[in-house]
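Please open the structure in a viewer and keep the sequence beside it. The tour below proposes one selection at a time and describes what is found there.

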Amino acid sequence: MPGTRDFDRPLDAAGIDDAGTLGVAMRAGRHVPDMTLCSNARRARETLEGIAAHADTGRVVFTDALYSEDAAGYLAIIRENGTRGSLLVIGHNPMMEDLAMAIAGGGDEKARAALNYGFPTSGLAVVRFDGGLGNAAPGTGYLEAFMTPADM
């Protein structure tokens, strides 16, 4: 929308559909986070609403930091919340893509190949850390799955 601050920019119709589709895929794949960390930006909150209409998102915490931080900041936020179990992070690009590329040291070959093509809106990277999220570091995650709206 012309004149709308980026922070207040809404999802377009395709983004709303993609978020709902992601929720359905999360439920089908039994990807249930214990906690969701969500940017306070409008489009991130609308993504959460679309997902939550179809899947459990656990306890939700909204934070402006996911709008303003870089990928290293995202990793620090994940570590800080790593004792709470599994996390769903709803943030922004290029930080989400940079983070996923940095932490996935290994993983499913198909998922790693797909991630190399970028991290689209309503994309989902499922990354496991053997030492728990509190110890998450670059190259230590295992990319179990990577889904894009086109795949769902």
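**First stop: the mixed sheet**

Select strands 4, 6 and 5: these three strands form an open sheet in the order 4-6-5, with mixed pairing. Strands (E, at least two residues) and helices (H or I, at least four residues) are DSSP runs, numbered from the N terminus, and two strands pair if DSSP finds at least two bridges between them. Strand 4 and strand 5 stand at the edges with a single partner strand each, so one side of each has no neighbour in the sheet. From one strand to the next, the twist averages 50 degrees. Axes are lines fitted to C-alpha atoms, for helices over the stretch in contact, and angles run from 0 to 180 degrees between N-to-C directions.

Before moving on, note that this is a predicted model, in which local features need pLDDT of at least 70 and side-chain atom pairs count only at pLDDT 80 or more, while totals for chains, interfaces and linings use all residues. Residues are numbered from 1 along each chain as its sequence is written, and side-chain values use heavy atoms, with hydrogens and water left out.

Now colour strand 6 (residues 141-147). Five of its seven residues are buried, where buried means under 20% relative accessible area, exposed over 50%, and partly exposed in between (1.4 Å probe, protein chains only). Strand 4 (residues 104-107) runs parallel to strand 6, and three bridges join them. Gly106 is opposite Tyr142 of strand 6, and Gly107 has Leu143 as its bridge partner. Strand 5 (residues 124-128) pairs with strand 6 in the antiparallel sense over five bridges; here Val127 has Leu143 as its bridge partner.

**Second stop: the parallel sheet**

Select strands 2, 1 and 3, which form an open sheet in the order 2-1-3 with parallel pairing. Strand 2 and strand 3 are at the edges, each with a single partner strand, so one side of each is left without a neighbour in the sheet. The twist here averages 15 degrees from one strand to the next. Strand 1 and strand 2 run parallel and are joined by five bridges; Ser39 stands opposite Thr63 in strand 2. Helix 2 packs on this sheet and touches strand 1, strand 2 and strand 3, its direction making about 145 degrees with that of strand 1.

Add helix 2 (residues 42-52) to the selection; its buried residues are Arg43, Ala44, Glu46, Thr47, Leu48, Gly50 and Ile51. Their cover includes helix 1 (13-28) and helix 3 (65-68). Contact means heavy atoms within 4.5 Å.

**Third stop: Thr57**

Is Thr57 buried or exposed? Thr57 counts as buried, because its relative accessibility is 8%. Thr57 lies in the loop between helix 2 and strand 2. Leaving aside neighbours within four places in sequence, its contacts are Pro33, Met35, Thr36, Leu48, Ile51 and Ala52.

**Last stop: the largest pocket**

Select Leu88, Val89, Met96, Phe119 and Gly123, which lie nearest the centre of the largest pocket among its 41 lining residues. A pocket is an open set of points on a 1 Å grid over the protein atoms alone, where a 1.4 Å probe fits, with protein on both sides within 12 Å along at least five of seven lines; lining residues have an atom within 4 Å of a point. Strand 5 gives the largest share of the lining, five residues.
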